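Colleague: Please take one part of this model and look at it closely, then follow it outwards to whatever else can be said. I would like one connected account, with the reasoning spelled out where there is any.

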Amino acid sequence: MEHKRPAKYHTRQGQSILDYMQSMSDSHVTINQVTRYFDGLNETIGQTTIYRHLEKLTADGKIRKYTLPNGKGACYQYISSDQCREHLHLKCEICGTLIHAEGDLLSEIDQQLLTNHDFQINMLKTVFYGTCKKCLSGV
């Protein structure tokens, strides 16, 4: 007997959350920001529902989840077909800012690791943690 996977269900709320994440693809948003957005539209979607859909979208590879410093939750970003695959991310441990890092040096690091260690970096999952310029200057 052949085992079939259960059909994935699509709900209006799930689609609304996906649409919102796509519209915010250049930003990183928290569950609280998503909740406030829908509250502003008078389309109340509970935080539990938002969390469940964001986790499903993360598991499906449609969004990326970043854990915030000091256990302050997480933020999420929609991943378009070409976005976030060619650069690394820099995460400030003080303010939580996430910076897209591009440049030849990062490509060289990736190539060196592949050449010298037979290891390729997964750009979708690689984050360097440190302190951003704003926090370093105390502004």
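Modeller: Helix α2 is followed by Asn-42, a residue with a positive phi, near 60°. The model is a predicted one, and what I say about this part should be read on that basis. Asn-42 is not a glycine, yet its phi has that positive value. Asn-42 sits in the loop between α2 and α3, and at 72% relative accessibility it counts as exposed, because the limit for that class is over 50%.

The helix before this loop runs over residues 31-40, and its buried residues are Ile-31, Val-34, Thr-35 and Phe-38. Viewed down the axis of α2, these buried residues fall within an arc of 100°, so they line one face of the helix. The general background is that an α-helix has 3.6 residues a turn, so residues three or four places apart point the same way. Arg-36 and Gly-40 are exposed, on the other side of α2.

What does the buried face of α2 pack against? The partners of the buried residues are two helices, α1 (12-23) and α3 (47-59), and two strands, β1 (29-30) and β3 (74-78).

Thr-35 can serve as the close-up within α2. Thr-35 has a relative accessible area of 11%, and it is buried because that value is under the 20% cut-off. Leaving aside residues up to four places away in sequence, Thr-35 touches Ile-45, Gln-47 and Ile-50.

The loop after α2 also takes part in a salt bridge. Glu-43 and Arg-12 meet through their side chains, 2.9 Å from N to O. This pair links distant parts of the chain, with Glu-43 in the loop between α2 and α3 and Arg-12 in helix α1, 31 residues apart. Arg-12 is exposed, at a relative accessible area of 57%. In general terms, side chains of opposite charge can pair when their charged atoms come close.

The structure holds three salt bridges, and the other two can be taken from here. Lys-65 and Glu-55 are joined side chain to side chain at 3.0 Å, N to O. Lys-65 belongs to strand β2 (residues 63-67) and Glu-55 to helix α3, so this pair ties together parts 10 residues apart in sequence. Lys-65 is partly exposed at 34% relative accessible area, and Glu-55 is partly exposed at 24%. Lys-56 pairs with Asp-60, and their closest N and O atoms are 3.1 Å apart. Lys-56 is partly exposed, with 27% relative accessibility, and Asp-60 is partly exposed too, with 30%.

Strand β2 brings in one further pair. Ile-63 and Ser-80 are 17 residues apart along the chain, and their C-alpha atoms are separated by 8.5 Å. Ser-80 is in the loop between β3 and β4 (88-92) and is partly exposed, with a relative accessible area of 22%.

A positive phi also turns up after another helix. Asp-118, not a glycine, has a phi of about 50°. Asp-118 lies in the loop between α4 (104-117) and β6, and like Asn-42 it counts as exposed, at 69% relative accessibility.

Strand β6 (residues 127-130) is where Phe-128 is placed. Phe-128 is partly exposed, with a relative accessible area of 41%. Together with Leu-90 and Ile-99, Phe-128 makes a nonpolar surface patch of about 230 Å².

That leaves the cysteines. How many disulfides does a search of the whole structure find? The search finds zero. Why is Cys-92 not bonded to Cys-132? The Cys-132 sulfur is the closest cysteine sulfur to that of Cys-92, but at 3.7 Å it is too far for a bond, because a disulfide needs the two sulfur atoms within 2.5 Å. For Cys-132, the closest cysteine sulfur is that of Cys-135, 3.7 Å away, and again too far for a bond. Cys-92 is buried at 2% relative accessibility, and Cys-132 is buried at 11%.

Key:
Residues numbered from 1 in each chain as written. Predicted model: local features only at pLDDT ≥ 70, side-chain atom pairs only at ≥ 80, totals over all residues. Heavy atoms only, no water. Buried < 20%, exposed > 50% of the residue type's maximum accessible area, 1.4 Å probe, protein only. Helix = DSSP H or I, 4+ residues; strand = E, 2+ residues; numbered from the N terminus. Arc of directions from axis to C-beta. Contact = heavy atoms within 4.5 Å. Patch = residues over 30% accessible without salt bridge, like charges linked within 9 Å, V, L, I, M, F, W, Y side chains within 5 Å. Areas by Shrake-Rupley, 256 points an atom, 1.4 Å probe, with all protein chains shown as cover. Salt bridge = Lys/Arg side-chain N within 4 Å of Asp/Glu carboxyl O.
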